[in-house]
Amino acid sequence: MDRVLQNSPITRVSLLIRLRDAADHSAWQQFAELYGPVIYRFARGRGLQDADAADVMQDTLRSVSNAIGRLDYDSAKGSFRGWLFTIARNKIFNLLSSRKNKPRAAGDTAAHELLQATPSDDNSLEESWEDEYRRRLAGIAIERIKGEFQPNTWEAFWGTAVNGESATDVGERLGMSSGAVYVAKSRVLARLKEQVQRLIDEEDQ
């Protein structure tokens with residue numbers, strides 16, 4: 001399913017402009033719903049525990065809120081998402097660095113090892129950040145289209161495309177032929193690609 005999102009969109013410029021108005025709660029809700037899970041999952045992927053990842057997410061969103069009014073966005077100088085990545089990365093590093101000389105709580109070892117093993121360049125971290133963004137975008141698209149399909153059609157798609165089950169196993173469970181499972185999967189994937197493209201188009205507005 002990752003092939004659906006080979007090209008990730010830029011952040012919608014109109015939304016960035018709206019975020020400068022702290023009273024525009026709708027814009028901030030849209031922003032938090034899109035990027036909150038991305039930041040949280042990125043932090044978890046760096047080895048942080050649930051509570052720490054949630055704190056990083058809140059701190060990152062708070063930093064955006066404090067700085068967005070001064071942000072002179074110019075895509076030629078770098079993407080907004082790249083700027084957000086830098087903030088999230090620094091929040092994680094600062095949190096882990098502050099604990100270097102403190103006794104480690106259970107579960108902290110993996111996070112500290114990840115910090116020490118992080119390469120000097122940010123290529124791998126940026127790739128991980130973009131992966132989380134694409135997953136979030138796919139999740140939004142899935143939420144939008146799920147209700148358009150019959151339960152069996154959706155289960156056939158989910159079982160094969162997401163869970164990696166064979167068409168035979170899914171068909172036996174759902175009382176469908178393998179051919180019908182493939183058709184169902186293809187139908188949902190085609191619609192998913194359309195919805196993702198719509199999200200990309202919306203981001204460009």
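Helices in these legends are DSSP runs of at least four residues, numbered from the N terminus, and the structure shown is a predicted model.

**View 1. A salt bridge within helix α6 joins R134 and D131**. The side chains of R134 and D131 meet with a nitrogen-to-oxygen distance of 2.3 Å. Because the two residues are three positions apart in helix α6, which spans residues 123–145, about one helical turn separates R134 from D131. Both partners are partly exposed, R134 having a relative accessibility of 22% and D131 a relative accessible area of 30%.

**View 2. R135 and E132 form a salt bridge in helix α6 and belong to a network with R41**. The closest N and O atoms of R135 and E132 are 3.2 Å apart, and these residues, three apart in helix α6, are likewise separated by about one helical turn. The two ends of this pair are set in unlike surroundings, since R135 is partly exposed at 43% relative accessible area, whereas E132 is buried at 9%, the cut-off for buried being under 20%. R41, E132 and R135 are linked in a network of salt bridges.

**View 3. A salt bridge connects E148 with R191 in helix α9**. For this pair the closest N and O atoms are 2.8 Å apart. E148 lies in the loop between α6 and α7 (151–162), while R191 is part of helix α9 (residues 178–203), so the contact ties together parts that are 43 residues apart in sequence. E148 is partly exposed, with a relative accessible area of 41%, whereas R191, at 18% relative accessibility, counts as buried. The salt bridges in these views are among the nine counted in the model.

**View 4. The largest nonpolar core of the model has 44 residues**. Within this core, the residues with the most contacts are L19, F31, Y35, I39, L48 and W129. Two or more residues are given to the core by each of α1 (13–19), α2 (25–45), α3 (50–67), α4 (80–97), α6, α7 and α9, and the largest share, nine residues, comes from α2. At least three residues of the core are drawn from each of domain 1 (1–135) and domain 2 (147–204). In soluble globular proteins, nonpolar side chains tend to be buried together.

**View 5. A second nonpolar core is separate from the largest one**. This core consists of six residues, among them A156, A167, L174 and A184.

Methods: Residues numbered from 1 in each chain as written. Predicted model: local features only at pLDDT ≥ 70, side-chain atom pairs only at ≥ 80, totals over all residues. Heavy atoms only, no water. Salt bridge = Lys/Arg side-chain N within 4 Å of Asp/Glu carboxyl O. Buried < 20%, exposed > 50% of the residue type's maximum accessible area, 1.4 Å probe, protein only. Core = buried A, V, L, I, M, F, W, Y, C linked by side-chain atoms within 4.5 Å. Domains from an automatic or database assignment.
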